[in-house]
Amino acid sequence: MGAGGGPSRDRDTADATVGVAQTAGVTGGYTACVRFDPEYVSQVLNENFEDAKTLFLGPLMAIHRAHLVMLADRGIVAAGDARTLRQALDRVSLSDIRQTPYDGTCEDLFFYVERLLTESCGDDVAGRLHTARSRNDVDMTMYRMRLREHVLAVLEAVLELRGTLCELAERHRETLIAAHTHTQPAQPTTIAHYLLAVIEQLERDAQRLRAAYATTNRSPLGACAITGSGFPIDRNLTSTLLGFDGPTGNTYGSIATVDYLLESVAAVGVLLVGLGRFVQDLLLWCTVEFGYLRLADGFVQASSIMPQKRNPVALEHARAIASKAVGETAAITAVVHNTPFGDIVDTEDDLQPLVATAFRDAVRAVTLIAAALRGAELDVARLEARAGEGGTTLTELADHLARTHDVPFATAHAIAARLMQARRDRPDAPLGAVLSTVSGDLLAVPLHIPDAEIAEVMSPRHFIEVRKTLGGPAPAETTRALQESRRQLAADRVFLDDTRAALARAESDLQARSAAL
């Protein structure tokens, strides 16, 4: 039972004295008694009751109302009884339930609410609400209702981060930086080009989250225990009233499958692993040795003993929280791995708090990164001064020799490498003279290229300006790419707003249909 589950899904349980629950007999009513061990109560039932109050009370009450509206609409429950049940639901105080400690008199939150309804309108009427449903399909519906909220919360945080990175990239379309491969200076690029790589990765993360939402947002209600019902229920109606895009299909799979959850968890895991690599770069940039990035004062901490320290702890916390969430996503997969394909508590009560924590930590990490970067400053002069160090522009020299002087690229590559070595040995020698010497060793006729031409070719600014390849660092290309990223960001924001508006409309419609009973 998702809202504080019990020991077995093969029997329903009801009211009890402390530590005692009653199980349903074959002919209905509640007969045989089972006394739960105090350790089981303290270690399982109490924990599940508290978790359910936090996570699933709202969804549970919505499901009650939607199911009641459907039962009345299909004539399964008489109009008078439906009205009495709706009035009993209206009298349930959610705030009072949230303040109620677990005392063992009910197995779980589901039966606690059922008892409140029974006290309000009597056994005969209250018992009709459970027609054509099970705790199984109620649970699976609650889980999906909560999970879709988790997915949208992470998506919103991702969109905020993308917006922040777009603004930062816009300001630094011309800012040079040495790109690294294998942790070594490789070629010049721009901050915008680097950030666009992160932005596009986040765009794919958003696509994965949207796909996960679509998979999640299907209603299992009506699957009952696992085989559906002989009553003429309308699964499409309850699905619509609860804001789902439609009902799930196979009733067995509606209860047994957990791939919808794993898809969402996997999307979050991929997001956080990618972001963790980005944060690792940012922390390196914050070191004194690099000195590229400076966080605003509100995101750093000092030392209790070393006056000079300015620690970029916000990014460290973001990395730690993200790593924690990655571990939580792995734990979710581990918990459901190799469990029976059917109704089983491994995928239910004990798992759901871990799901909530994983998504909460994901939102925390993504939000913190965006906040830390919003007021961060980049040392443009330092970045550009280092962009051409270490021979980062030699690729363009080799390209230039091949493109302009008809030298085979392999030979041009060797000439450029020898030029760099010769410059280390004779740093003050004119470029043209050095090039002539090293090229003469590899070509039949030495190359005679003016110093100014070589200097221009080997400048970091020239390097990025000529790289107009689709997705390249040339400012004209990064400007185009940023415009596309902004369009995609706007479209994803429309999706988020429309999705939340649809859920709000469904909630309003449910309230209206319930009130009309």
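Which helices each supply at least two residues of the lining of the second largest cavity? This note on a predicted model starts there.

1. **Second largest cavity: helices.** The answer is helix H7 (191-216) and helix H10 (259-286), which each supply at least two lining residues. H10 has the largest share, with three residues.

2. **Second largest cavity: volume and lining.** The volume is about 40 Å³. The lining consists of Leu 168, Ile 191, Leu 195, Phe 278, Leu 282, Trp 285, Leu 293, Leu 373 and Leu 378. By class, nine of these residues are nonpolar, none is polar and none is charged.

3. **Largest cavity: volume and lining.** The space here is about 60 Å³. Around the largest cavity sit His 64, Phe 110, Glu 114, Leu 117, Ala 126, Leu 129, His 130 and Arg 133. Helix H5 (residues 109-126) gives the largest share of this lining, four residues.

4. **Largest cavity: classes.** Four nonpolar residues line the largest cavity, along with two polar and two charged ones. The second largest cavity, in contrast, has no polar and no charged residues in its lining. In total, the model has three cavities of 30 Å³ or more.

5. **Largest nonpolar core.** This core holds 126 residues. Those touching the most other members are Leu 165, Leu 242, Leu 261, Phe 278 and Trp 285. Helix H6 (residues 135-171) contributes the largest share of the core, 18 residues. Phe 278 and Trp 285 also appear in the lining of the second largest cavity.

6. **Leu 165.** Which residues does Leu 165 contact, leaving aside neighbours within four places in sequence? They are Leu 195, Val 198, Ile 199, Leu 202, Phe 278 and Leu 373. Of these contacts, Leu 195, Phe 278 and Leu 373 also line the second largest cavity.

7. **A separate core.** Another core, of 20 residues, lies apart from the largest nonpolar core. Its members include Leu 394, Ala 416, Leu 419 and Val 457.

8. **Ser 439: position.** Ser 439 belongs to helix H16 (residues 431-440). Is Ser 439 buried or exposed? Ser 439 counts as buried because its relative accessibility is 0%, and the cut-off for buried is under 20%.

9. **Ser 439: contacts.** The side chain of Ser 439 reaches the backbone oxygen of Ser 436 at 3.1 Å. Ser 439 also touches Ile 415, Pro 446 and Leu 447, with residues up to four places away in sequence not counted.

How values were computed. Residues are numbered from 1 along each chain as its sequence is written. This is a predicted model: local features need pLDDT of at least 70, side-chain atom pairs count only at pLDDT 80 or more; totals for chains, interfaces and linings use all residues. Side-chain values use heavy atoms; hydrogens and water are left out. Buried means under 20% relative accessible area, exposed over 50%, partly exposed in between (1.4 Å probe, protein chains only). A polar contact is a pair of N or O atoms within 3.5 Å; within protein, one must be able to donate a hydrogen and the other to accept it, and residues adjacent in sequence count only if both atoms are side-chain atoms. Contact means heavy atoms within 4.5 Å. On a 1 Å grid over the protein atoms alone, a cavity is a set of points where a 1.4 Å probe fits but cannot get out, and a pocket is an open set with protein on both sides within 12 Å along at least five of seven lines; lining residues have an atom within 4 Å of a point. Grid points are joined across faces, edges and corners, and a volume is the space filled by probe spheres set on the points. Ala, Val, Leu, Ile, Met, Phe, Trp, Tyr, Cys and Pro count as nonpolar, Asp, Glu, Lys and Arg as charged, and the others, Gly among them, as polar. A nonpolar core is a set of buried Ala, Val, Leu, Ile, Met, Phe, Trp, Tyr and Cys residues joined through side-chain atoms within 4.5 Å.
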